[in-house]
Every structure is written in structure tokens, then in C-alpha cells.
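User: Please take a close look at the largest pocket in this model. What lines it, and how do the strands around it pair? Add whatever helps to place it in the rest of the chain.

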Amino acid sequence: MIERRRLLLTGGAALAGFAHRPALSQALAFTEIEMRGSIDAAAAGVVPNAPDNQSRRLQTVLNDAAAAKTPVFLPPGDYTVSNIDLPDGTRLTGVPGASRLIYTGDGHLLRADGADRIEISNIAIDGSNGWLGDHVSGLVHLANVGEALIDNCEIAGSRKTGFHMERCGGRIERSTVSGAADIGLYAVECVRLSVRDNRVHDCGNGGILVHRWTKGDDGSVVTGNRVYRIGARDGGTGEYGNGINLFRADNVIVSDNHVSDCAFSAIRANSASNVQIRGNQCLKSGETALYVEFSFEGAVVADNLIDTAANGILIVNFNEGGRLATVTGNLVRNLSLTGPYEHDGAGFGFGISVEADTVVSGNVIENAPRYGMMLGWGPYLRDVVVSGNVVRQSPIGLYVTVVEESGAAVITGNIFNGTKDGAIVGYRWNEKTTGDLMASGDVPPHLTISGNRAT
């Protein structure tokens, strides 16, 4: 207690002496506030910048503090540790960017299983690309934690995943994950997780992943994150290389994220029903920028900006049960005929593609080198309305399937500019089989085409 009081007094004096330096004053004030009511780890024997391993001492402090329901404050410095098991009730905090745990590479770094509550804030965690045992999947590995609260932390250099969360609730906020060999943040079978205002970058296979082993209610919110430079080290055709990826996770909101330079999709939702993807910035995607695919029912895709990708927005796989969506108010531009693999279907180079029970309205598409919009694929088209969109500078303004058994589509009130090979054209799979249906009186009976304008 004497040591803690001395540190608090020192902090107060420093505040008085440096009042003319706001940044330093704020940092010292923050340190003083965090220390109140907490155990000072250094005073309890955990030595900052010591050459020897501090694992045993830190583990003892965490255990004692959790039993007393008391936070632990980690003063500035480097602490070499490994194999720390976080007890239920852990509350560990430090000075942002200055309190650093450095992994020795002989098992795991931070792990918890079966806790009601774990809190970690203002800690930098350096994995040093050290070996991780088979019993963990991430540098911070949390399983079956009722409320996991991670705030303002930094994780770097994981040989596997940065944050691995399994069957957890809680929130991850204002944190940075970089240099993970696999995934930045992987949350599987979690419930109502909040992932907001984080920065995830330079990861080998994925940025933020919200997955489930079986399809069901998830309820997570992924918002305000910045995700960039995400690779696909393990290859594939979309399993890896996505900035934000949902799999079997229903009732999730993905909003207001800035995602760029991903090997595949900026945002990819696979078999995720009732998903909302709103207001995201998706730049320089290697494949389809925004993908909703396979067995989903219900998707709202609105007000996203997409610039530079192979394809813009795909809402597809009616053959697998993918249906029911609205696609409104999006801006899609500067697409490419080239993707990261050889495509054996429709290929690359189109702006927006939809198939079943979907409204496409109020979107602007520019510089799609194959099709501005694409309705259906083979017989997989049903109850689609396309109205009030603008398509500019695409060889074909709108592809629509005319294969037998295709369902109804209404195409009204759209503007096509610079569509030199046709504004609205019928296809059988990849074969162009009609002229411009806007200029023809011979419109297939499953289509209603009216009020469109080509300039």
C-alpha cells in the first residue's frame, strides 16, 4: 500500500509539473485513475523489464486478485511470460502501449476456459511469432467465458490467430490486431458479441470472422472497424482472404466498417440469415467485394461504397436456398475481369448480381467491364424487382437469364449510359441469346421491362 500511495503521489506531482503538456498529463491522469483500488503488480513482485521469466509471479498476482475481486495494474515495462491461465474474475489493466506482455513461445500466452467474466484493457501483447501448443488456437484464447471484455489492447505477432473466442459473450473494442499468421479475430459459437472500433491488419488468412459450427442465432454486431491487408495464405476460392466473414451466423449486423486490400472479399456472409450489411467502405478487394451466398434467408445490403474489385455485390446461390434480400443505395465502381482464380461460372467483371426474392433499387454502378447488373443464372431467378438504378460505362447494362423455368423479374425506371453492347440483354448461362430487349418488342413472358432509358 505504501508503494501504491507513493506512485499515486508521484503521478499527482507529475500532473502539476506538466500541466502545459496535455498529452502527457492525460496519460498520467489515466494511470492514476486505473491504479485506484487495484493491486500494483510491480509492488507485488512482478518486475518490469527483468531479464528473467515473470510467469509464476504474474500468475500468483492474478489468482490472488481474482479471489479478492480486485483489479491488477501492470505498470509500464516489458514482461516476459507464458502459460498464463486467467482465473474467473480477472481484471488486468495497464498503460496503453507501455505495459507489454512478451511471449516466450513454449505453450500458450493467455488462456481462459469456463470463466464468468474476464477483463483485459490497455495491455500490449507481443507473440514474437513464437510456437503455440495444440491446446490453443490463438495468442489470447478464451473459451466458455460468459462476459469477455477486451478494450484498448494491442496484439501482434501471433503464429496462429490473434484473438480466439469460443462460446463467449462480451465485447472487443478499440483494440489492434496485426501480424497474425492466420486470423486476426476468430469468434465461433459466440452470443451477441460486440466487435467495434478495432483495427485489424496484415493477417495471413482473415480479419474478423464470426462463425458457428451449426447454423443459428448469433446476434453479433461488427461496426466501426478498420480492416486492411488481409491475405489468403492457404489459397482456396473464398474460404480465406476475407476482411469480415460470417459463416452460419444469423441476425448479425456489419456496419460502418472500412475494409481495404483483402485478397478475396471485404465482407463475405456465407449461410448467414437476417444479415444487415450497411454503410461500409470496401476498397481494393481481390475477388467479390461484398458477398452474400449459399443457404441464407434475409439480407439487407444498403449504402455501401465499393471501389476496385473483381465483382461488386453478389446475392446468390438460390440453388442452395439463398433468397430474400434488398440491395439499395450502394455505389459500385471500377471492377475487373480478373480474379484470384479461374472461374468456371459467370466469371468476373459485374457490378451487382441477384437471383431470388430481391429488390435492387437506387444503386449506381460505373465501370463494370462485363455486366452492370446480372439477374439470375440458368433457371435460378425468381421474383426480382430492379428499379431506379444507374449503370454507366459497362458493355452490357443488365444481364437477365432467359433459360426455361426462370421466374419473374420486373425491370423498370433504370438509366443505362455507355452500354455499347446492349442495355438489357437475355442470356442462357454464358451465351448471349437476344438482342437489346429495351429496343425489342419480343420480350420473354417472365420479364416486365418498362420505363428504362439508354443514353
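Analyst: What follows starts at the pocket, moves to its strands, and then turns to other parts of the chain.

This is a predicted model. The protein has 455 residues, and 54% of them count as buried. Its secondary structure comes to three helices and 46 strands. The C-alpha trace spans about 90 × 50 × 30 Å along its principal axes. Take the contacts between residues at least 6 apart in sequence: 62% of these join residues at least 24 apart.

Now the pocket. The largest pocket has a volume of about 660 Å³. It is lined by 34 residues. Which of them are closest to the centre? They are Tyr291, Glu293, Val316, Asn317 and His343. Several strands contribute to the wall. Two or more lining residues come from each of β22 (242–250), β25 (267–270), β28 (288–293), β31 (311–315) and β34 (350–354). By class, the lining holds twelve nonpolar, 15 polar and seven charged residues.

Three of those strands can be followed through their pairing. Start with β22 and β25. They run parallel and are joined by four bridges. One pair to find on screen is asparagine 245 with its bridge partner in β25, arginine 268. Next come β25 and β28. They also pair in the parallel sense, over four bridges. Here arginine 268 has tyrosine 291 of β28 as its bridge partner. Arginine 268 therefore has a partner in each of two strands: asparagine 245 on the β22 side and tyrosine 291 in β28, by the DSSP bridges that define pairing. Tyrosine 291 is also one of the residues closest to the pocket centre.

Look at β25 itself. In a regular strand the side chains alternate between the two faces of the sheet. Which residues of β25 lie on each side, and are they buried or exposed? Ile267 and Ala269 lie on one side, with Arg268 and Asn270 on the other. All four are buried, and both faces of β25 are covered.

Parallel pairing turns up in another set of strands. Strand β27 (residues 281–285) runs parallel to strand β30 (residues 305–309), with three bridges between them. Cysteine 282 stands opposite isoleucine 306 of β30. β30 in turn pairs in the parallel sense with strand β33 (residues 331–335), over four bridges. There, leucine 305 has leucine 331 in β33 as its bridge partner.

The pocket is open, so set it beside the enclosed space, since a cavity is where a probe fits but cannot get out. There is one cavity of 30 Å³ or more. The largest cavity has a volume of about 40 Å³. Its lining includes Phe163, Ile172, Val177, Leu185 and Arg199. β15 (176–178) and β18 (199–203) each supply at least two of the lining residues. The classes here are six nonpolar, three polar and one charged.

Next, the cysteines. A disulfide is a covalent bond between the sulfur atoms of two cysteines. How many disulfides does the model hold? The count comes to zero. Cysteine 168 is in no disulfide, and the nearest cysteine sulfur, in cysteine 190, is 5.0 Å away. The cut-off is 2.5 Å, so that pair is not counted. Cysteine 168 is buried, at 2% relative accessibility. Cysteine 203 is a second case. Its closest cysteine sulfur is in cysteine 262, 10 Å away, which is too far for a bond. Cysteine 203 is buried too, with a relative accessible area of 4%.

Last, two backbone angles to check. Most residues other than glycine have a negative phi, and most peptide bonds are trans. Asparagine 49 has a positive phi, near 60°. Asparagine 49 sits in the loop between β1 (39–40) and α3 (55–67). Asparagine 49 is exposed, with a relative accessible area of 55%. Lysine 69 also has a positive phi, near 55°. Lysine 69 is found in the loop between α3 and β2 (72–74). Lysine 69 is exposed as well, at 69% relative accessible area.

Back to your pocket. To trace the pairing by eye, begin at asparagine 245, step to arginine 268 in β25, then go on to tyrosine 291 in β28.

How values were computed
Residues are numbered from 1 along each chain as its sequence is written. This is a predicted model: local features need pLDDT of at least 70, side-chain atom pairs count only at pLDDT 80 or more; totals for chains, interfaces and linings use all residues. Side-chain values use heavy atoms; hydrogens and water are left out. On a 1 Å grid over the protein atoms alone, a cavity is a set of points where a 1.4 Å probe fits but cannot get out, and a pocket is an open set with protein on both sides within 12 Å along at least five of seven lines; lining residues have an atom within 4 Å of a point. Grid points are joined across faces, edges and corners, and a volume is the space filled by probe spheres set on the points. Ala, Val, Leu, Ile, Met, Phe, Trp, Tyr, Cys and Pro count as nonpolar, Asp, Glu, Lys and Arg as charged, and the others, Gly among them, as polar. Buried means under 20% relative accessible area, exposed over 50%, partly exposed in between (1.4 Å probe, protein chains only). Contact means heavy atoms within 4.5 Å.
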